[in-house]
Amino acid sequence: MEKVIIVGGGQTAMNAAMSMRQSDFEGSIVIVGEEETLPYERPPLSKEWLKSDVEPNVPLVCRRDILEDRHITFQGGAVVTSISPEKHQIALSSGQLLDYDALLLSTGGRARPLPIEGAEYANCLRTLADARALRAKLHSQPHVTCIGAGVIGLETAATARELGCEVTVIDPAAQPMSRCLTSEGTAFVENIHRSAGVDLRLGVKPVAIRPDDNALLVTCDDGTSVRTGCVIGGIGIVRNTELASAAGLEVRTGIVVDEYGRTSSPDIYAAGDVAEFYFPPAQKHLIRESWRHAQNHGIAVGAAMVGMAQPYSDLQWFWTDQHGVRIEVGGSLDQIDRTYRRETPKGGFILFHFRRGKFVGYTAANARADGRFAEKLLSTNTTPDPQTLEDMQIPLKTLL
Ligand SMILES: Cc1cc2nc3c(=O)[nH]c(=O)nc-3n(C[C@H](O)[C@H](O)[C@H](O)COP(=O)(O)OP(=O)(O)OC[C@H]3O[C@@H](n4cnc5c(N)ncnc54)[C@H](O)[C@@H]3O)c2cc1C
């Protein structure tokens, strides 16, 4: 095999390319990305990047000189418009055709548009360009409204609050971050936002955004409305699967791949946010949208593409920063039936989640060391005695 092409210039792409070189692949690697910028990290875009008075540097995944040193070509500002699996060829919007021996699709996702009247007045936050537009507004508008109480909406709300804005968050769900936390976690998140002065309107559905003098008016299904300077739509992502579908690959919510990242078409792989991957520990396909998954799935699939296949079995892990609290979630939070809480000396806490007597996941708030310990327990498949977990006098490290 001589030629690898990676479609999508994000974090997954860059990690896959590096992993191929790490695995001693000496052929050509070309990353084709729609965005002009070298692959960058998205997490800062909803956090410190928005806060700064002057525009911070772009948080690159990897510097240009390192890419050059590894002979990885980045072709930015280039949209791939079609794939021909038969010819082993992709087409770019410029008309250029590129041949591949192996192809990786790491096309990620785009912000899901708000399904309401006036959606065009809302900002979204996925790319550097989105962050630039939003940063300008957060530094000039006294009031912002986030539609969606998921990670992006809440992180942006927290950032806006720190910048001194009045903030309203609207979500039809009864709890914030209800897709990714247990009820104890969502209650905690609700509390930190309310304590920070965020006007959190849960169980309320926005129905329209309309211009109103020099502002915007968000109206809701309960008859209330919010006059605001900026609306941020944070209702999740749509996976960029269109290329794969048009090429006849199997696609469900994401591009369906096995534990090595192989799609239903020979020599075509997919990884990162766009992939719906078979996860051996759960014996089913999963989707994930997180920084560590983009990194580790990219590394695993990159290696598999050049003959160093290992089944991908990384446990879920993500973090979010809100109002000075770092929340980390590891493992599985599905069908939890018992949770044990442990306080930490510095005012944080960690929740150990159990399913049918087995420790399967955790939620940590300002408890990074304990979180790392919980990860070790999970990775070694260890279920400690719940009583000892709750007893702060017993050091966690003695439980391994
Ligand atoms: C604002 C923000 C904050 C986040 N914060 C956190 C956090 O705190 N913790 C956490 O765990 N995760 C966080 N994440 C999630 C994490 O950043 C993503 O999971 C990760 O970026 C996914 O990487 P990816 O490379 O798979 O996809 P993406 O980052 O979406 O990259 C895909 C790239 O492919 C390009 N592309 C798509 N189609 C084509 C095409 N046809 N031709 C060429 N190029 C194409 C896109 O333009 C894009 O550049 C955050 C995400 C965002 C947006």
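In the predicted model, the domain assignment divides the protein chain into domain 1 (3–109 + 238–305), domain 2 (113–233) and domain 3 (324–399). The centres of domain 1 and domain 2, taken over C-alpha atoms, are 30 Å apart. To the contact between these two domains, domain 1 contributes 20 residues and domain 2 contributes 17 residues.

Taken as a whole, the protein chain comprises 10 helices and 25 strands. The C-alpha trace extends over about 60 × 55 × 35 Å along its principal axes. The radius of gyration of the protein chain is 22 Å, which agrees with the value near 21 Å that a compact globule of 400 residues would have. Among the 400 residues, 52% count as buried. The exposed surface of the protein chain amounts to about 18000 Å², of which carbon and sulfur atoms supply 47%. Of the contacts with a separation of 6 or more, 60% are made by residues 24 or more positions apart.

An open sheet of 5 strands is arranged in the order E3-E2-E1-E7-E18, and its pairing is parallel. Strand E3 (72–75) and strand E18 (268–270) each have a single partner strand and stand at the edges, so one side of each lacks a neighbour in the sheet. From one strand to the next, the twist averages 20°. Within this sheet, strand E1 (residues 3–7) runs parallel to strand E2 (residues 28–32), and the two are joined by 5 bridges. One residue pair in this register is Lys-3 with its bridge partner Ser-28 in E2. Helix H1 (residues 11–22) packs on the sheet and touches E1, E2, E3 and strand E7 (102–105). The direction of H1 makes about 175° with that of E2. A further helix, H8 (residues 291–305), lies across E1, E7 and E18, and H8 runs at about 165° to E18.

A separate open sheet is formed by 3 strands in the order E4-E5-E6, with antiparallel pairing. Its edge strands are strand E4 (80–84) and strand E6 (97–99), each of which pairs on one side only. The twist in this sheet averages 20° from one strand to the next. Strand E5 (residues 89–92) and E6 run antiparallel and are connected by 3 bridges. In this pairing, Ile-90 stands opposite Leu-98 in E6.

Antiparallel pairing also links strands E12, E13 and E14. Strand E12 (residues 206–212) pairs with E13 in the antiparallel sense over 6 bridges, and Arg-210 has Leu-217 in E13 as its bridge partner. The two strands form a hairpin with 2 residues between them. In the turn of this hairpin, Asp-213 has a positive phi of about 50°. On to E14, strand E13 continues with a second antiparallel pairing, in which 4 bridges join E13 to strand E14 (residues 225–228). Here Leu-216 has Thr-228 in E14 as its bridge partner. The hairpin of E13 and E14 has 4 residues between the strands, and Gly-223 takes a positive phi near 90°. Strand E13 (residues 215–220), which takes part in both hairpins, is mostly covered, with 5 of its 6 residues buried.

Two residues from helices H9 and H10 were examined individually. Asp-370 lies in helix H9 (residues 368–379). Its relative accessibility is 16%, so Asp-370 counts as buried, the cut-off being under 20% relative accessible area. When residues up to four places away in sequence are not counted, Asp-370 touches Arg-342, Thr-344, Ile-350 and Leu-396. Pro-386 lies in helix H10 (residues 386–390). With a relative accessible area of 18%, Pro-386 is likewise buried. Leaving aside neighbours within four places in sequence, Pro-386 is in contact with Tyr-340 and Phe-354. The C-alpha atom of Pro-386 is separated by 28 Å from that of Arg-292, a residue 94 residues apart from Pro-386 along the chain.

Notes: Residues numbered from 1 in each chain as written. Predicted model: local features only at pLDDT ≥ 70, side-chain atom pairs only at ≥ 80, totals over all residues. Heavy atoms only, no water. Pairing = 2+ DSSP bridges. Axes fitted to C-alpha atoms, helices over the stretch in contact; angles between N-to-C directions. Contact = heavy atoms within 4.5 Å. Rg over C-alpha atoms; globule rule 2.2 N^0.38 Å. Buried < 20%, exposed > 50% of the residue type's maximum accessible area, 1.4 Å probe, protein only. Areas by Shrake-Rupley, 256 points an atom, 1.4 Å probe, with all protein chains shown as cover. Domains from an automatic or database assignment.
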